[in-house]
Amino acid sequence: MRNRKEALVRSILLENYESYYRLAFSYVHQEADAMDIVQEGACKAMAKARSLREESFAGTWVYRIMINTAKNHLKKYERERGTLREDMAAPEKNDVDLELREAVDRLPMQEKTLIILRFYEDKPLAEIAEILQENLNTVKSRLYRTLEKLRRELA
């Protein structure tokens with residue numbers, strides 16, 4: 001059983017590496033930091049593979065680990081520096097893209113995660129609800145409120 005769970009987690013990590021990297025990069029906007037987050041998240045997932053209760057949820061379980069690792073990375077950096085990094089904004093194609101990215105970066109972490117999963121990672125709402133372990137209707141209403149908040153800020 002233990003080896004099967006570890007093999008399953010290993011397989012999921014390998015199959016979805018690029019997706020995890022994009023997720024991490026959308027939080028930190030730095031290649032090296034994103035790679036560190038994915039590596040740390042993969043190590044955590046492998047170390048905790050035995051604690052996976054339901055194998056059918058292994059994909060969303062690993063995704064949650066990656067999200068939490070990215071959030072912890074940002075929190076650690078904020079504690080060390082006292083503020084978010086100014087160098088985290090990647091060069092953008094135009095001012096609208098930059099303005100949108102900055103607005104998303106200023107969102108509270110919970111709202112930022114919703115936007116990243118829905119629009120950067122193109123996850124369906126049902127999968128987002130599963131990843132975040134929340135009710136689908138809750139995810140829908142929070143996403144709607146967050147989009148309204150972004151619209152007002154960008155107007």
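**The largest pocket and the confidence of the model**

Helix α4, spanning residues 58-81, contributes six residues to the lining of the largest pocket, the most of any contributor. The structure is a predicted model, and the pocket is described here from its coordinates. Its space amounts to about 370 Å³. The lining comprises 15 residues, of which Leu52, Trp61, Arg64, Ile65 and Gln133 are the closest to the centre of the pocket. By class, the lining consists of six charged, five polar and four nonpolar residues. As general background, empty space is revealed by rolling a probe the size of a water molecule over the atoms.

Confidence may be considered next. The mean pLDDT of the protein chain is 89, and 90% of the residues reach at least 70. Among the elements of the chain, the highest mean pLDDT, 96, belongs to helix α3 (residues 31-47), whereas helix α5 (residues 95-106) has the lowest, 86. Over residues 84-92, pLDDT remains under 50; the model nevertheless has 19 contacts beyond four places in sequence for this segment. Where pLDDT is low, predicted coordinates should not be read in detail.

Aromatic rings supply the last features. Across the whole structure, a search yields two aromatic pairs. In addition, arginine 118 is placed over the face of phenylalanine 119, at a distance of 5.8 Å from the ring centre.

Note on methods
Residues numbered from 1 in each chain as written. Predicted model: local features only at pLDDT ≥ 70, side-chain atom pairs only at ≥ 80, totals over all residues. Heavy atoms only, no water. 1 Å grid on protein atoms, 1.4 Å probe; cavity = no way out; pocket = protein on both sides within 12 Å on 5 of 7 lines; lining within 4 Å. Points joined across faces, edges and corners; volume = space filled by probe spheres on them. Helix = DSSP H or I, 4+ residues; strand = E, 2+ residues; numbered from the N terminus. Nonpolar A, V, L, I, M, F, W, Y, C, P; charged D, E, K, R; others polar. pLDDT = per-residue confidence, 0-100. Contact = heavy atoms within 4.5 Å. Phe/Tyr/Trp six-rings, centres within 6.5 Å; stacked < 30°, edge-to-face > 60°. Lys NZ or Arg CZ within 6 Å of the ring centre and 35° of its normal.
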